[in-house]
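Colleague: Hi! Could you walk me through this one while I have it open on my screen?

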Amino acid sequence: MCVVGLGYIGLPTASLLASRGFSVAGVDTSAAVVATINQGRIHIVEPDLESFVQSAVHGARLRAHLTPQPSDVFVIAVPTPIRADKKPDLSMVEAAARAIAPVVRAGNLVILESTSPVGTTEEVVARVLAEHGHKPGEDVFVAYCPERVLPGRILTELVENDRVVGGINPASTERAVEFYQAFVRGEVLATDARTAEMVKLTENSFRDVNIAFANELSMLCAREGVSVWELIRLANRHPRVKILNPGPGVGGHCIAVDPWFLVDRAPELARLIRTAREVNDAKPHWVVQRVQQCAAKLRDPVIACLGLSFKADVDDLRESPAVEIVHALQALRVGRLLVVEPHVKSHPDFEIVPLETALAQADIVLVLVDHKRFKRVPREALQEKILIDTRGIYL
Ligand SMILES: NC(=O)c1ccc[n+]([C@@H]2O[C@H](COP(=O)([O-])OP(=O)(O)OC[C@H]3O[C@@H](n4cnc5c(N)ncnc54)[C@H](O)[C@@H]3O)[C@@H](O)[C@H]2O)c1
C-alpha cells in the first residue's frame, strides 16, 4: 500500500500498517523527510513513533519515496490549510491525486484522510482520477475517512478509535470499510463520502462553538464582576448543562481551521459557526487589553506570562493564542515580559525564563496555559500579585 504525505497522520499510519504486515510505500514531496525516514528516524515528535518506523524500515516493510508507487491501496494524508482569506487550500490534495493517478490500476482503492471541505473526495480526488481515464466507483474505488487522533496518543488512537468511512458509491464504501477493519479495533462506521467529510468538520465546529460560548461568558462575567469559573461550576450542576472551559482563545491546527471549511461552502447559512470562529479569534485581543489595563496602573510593570503552547502539557506552539498574546504584549511594550514555557528550551522571539524567576519578579501573573507544572505553584507565591488567569487554575 501507498501512504501519500508522511506527517503527523501519514507517518504513524504508514508505520502502523507496516507493523501489521502490510508492505508500505510512504511518499512525501520533502526530500529531507524521505531521507530521514529511510534511515529509520523521524522528523516529528510523537511517542513510540520512532521505534515503529525504525523496525518497519529495518524490516523492509516501509520505504519512503518522492513519488507514488503502484499499490492496492492509496491513503492521502497531505495538509489542507486555510489561506489568509480563510478559504481552503486544496492544492496539496489535488497534487497528491495527480501524482498517484498514473500508477493507479483497476481494482485499486484510493482513500482521502486529509480534513477536507464537503465534496472534496468527489470533486478533487475522483475528478482527477477520471481525468486520467479511470472510472471512479467502477474500476477504481474512492472513499473518505477522517482522522480523529490526539497528538501524543496517535499510535494508540489509530487502532482504538471508531472510524467513519464513506465512499463515493456503495462499492467504494464496502472496500474501504474492509481495509480499516483489517487494523482498527474500534468500530468502523459506514456512510457516504460527503457525510464522512462533514462529520469531521462537525466534530471540530462543535468544539469551537462550545468553547466560543464559554469564552463569551468569560468576557460578560468580567464586565459584571462575576467569576466565570464559579458561574460555570454552578450552571453545570443543572443535569442537562455542560459548559466547557474558557481560555485565552482557540489554537492548534484543527479546531481553529476546520470550521472555516463549512463557512466557505455556505457563508449565508453557517452564521453561528462563523461567529464562534470570530469570538474565539477575538479572545486573545481581549486578554491583551486586560493586561494593558492592569499594567497601566503600575510603574515599570513586570509581567510573568505562564505558557506558550496551544494546550496543556505539550510543546506544540503552532497557532497558539498564548504566543499571539505574548507577541502583542511585546509589540505594545506593555511592560517587561518574563515568559515561562517548561516544554521548550528556547524561542526565537522571547527569552524563556524559569517559573520561579518569573514568579519572584512579576507584578502581574498572566496564566495562558494550564500546564500541570503551573498548577503546582503554591498560592503564597501569588500573594500580592495581580492575577489574570485565563485558564482558571488558581481559583
Ligand atoms: N495532526 C493532527 O493531529 C491531525 C488530526 C486530524 C486530521 N488531520 C489532518 O490530516 C491532514 C495531514 O495533517 P498532518 O498533521 O499529518 O500534516 P503534516 O504537515 O504533519 O504532514 C503532511 C506531509 O505531507 C507532505 N506533503 C505535502 N504535499 C504533498 C504531496 N503533494 N505529496 C506528498 N506529500 C506531500 C508534507 O511534506 C508533510 O510531510 C490534514 O488535512 C490535517 O488537517 C491532522
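Modeller: Happy to; we can talk about the ligand and then the sheets. Keep in mind that this is a predicted model.

Colleague: Good to know. How many residues surround the ligand, and which are the closest?

Modeller: The ligand is surrounded by 23 residues. Y8, I9, D28, T80 and T115 are the closest.

Colleague: How does that shell divide into nonpolar, polar and charged?

Modeller: There are 13 nonpolar residues in the shell, along with 7 polar and 3 charged ones.

Colleague: And which helix gives the most to it?

Modeller: That would be helix α4, residues 91-100, which supplies 3 residues of the shell around the ligand.

Colleague: Let's get down to atoms. What lies 2.6 Å from an oxygen atom of the ligand?

Modeller: A polar side-chain atom of T80 does. Y8 uses its backbone instead: one of its backbone N or O atoms is 3.0 Å from a ligand oxygen. For V78, a polar backbone atom sits 3.5 Å from an oxygen atom of the ligand.

Colleague: How much of the ligand does the protein bury?

Modeller: The protein buries 86% of the 840 Å² that the ligand exposes when taken alone.

Colleague: Nice. Switching to the sheets: what is the order of the 8 strands?

Modeller: Going across, you find β3-β2-β1-β4-β5-β6-β7-β8, in an open sheet with mixed pairing. At the edges are β3 (62-65) and β8 (188-192), each pairing on one side only. On average, neighbouring strands there are turned by 25° against each other, ignoring direction.

Colleague: Over how many bridges do β7 and β8 pair?

Modeller: They pair over 5 bridges, in the parallel sense, with β7 covering residues 163-167. If you want a spot to zoom in on, V165 stands opposite A190 in β8.

Colleague: Found it. What about the sheet of 4 strands?

Modeller: This open sheet runs β10-β9-β11-β12, and its pairing is parallel. Its edge strands are β10 (336-340) and β12 (386-389), which each pair on one side only. The average turn between neighbouring strands of this sheet is 15°, direction ignored.

Colleague: Where does V367 find its bridge partner?

Modeller: In β12, where D389 is the partner. More broadly, β11 (residues 364-367) pairs with β12 in the parallel sense over 4 bridges.

Colleague: Last one: which strands does helix α12 lie across?

Modeller: Helix α12, residues 321-331, lies across β9 (302-306), β10 and β11. Relative to β10, helix α12 runs at about 160°.

Colleague: Great, thanks for the tour!

Notes
Residues are numbered from 1 along each chain as its sequence is written. This is a predicted model: local features need pLDDT of at least 70, side-chain atom pairs count only at pLDDT 80 or more; totals for chains, interfaces and linings use all residues. Side-chain values use heavy atoms; hydrogens and water are left out. A residue is near a molecule or strand if one of its heavy atoms lies within 4 Å of it. A polar contact is a pair of N or O atoms within 3.5 Å; within protein, one must be able to donate a hydrogen and the other to accept it, and residues adjacent in sequence count only if both atoms are side-chain atoms. Accessible areas come from the Shrake-Rupley method with a 1.4 Å probe; for residues, only the protein chains shown count as cover. Helices (H or I, at least four residues) and strands (E, at least two) are DSSP runs, numbered from the N terminus. Ala, Val, Leu, Ile, Met, Phe, Trp, Tyr, Cys and Pro count as nonpolar, Asp, Glu, Lys and Arg as charged, and the others, Gly among them, as polar. Two strands pair if DSSP finds at least two bridges between them. Axes are lines fitted to C-alpha atoms, for helices over the stretch in contact, and angles run from 0 to 180 degrees between N-to-C directions. Contact means heavy atoms within 4.5 Å.
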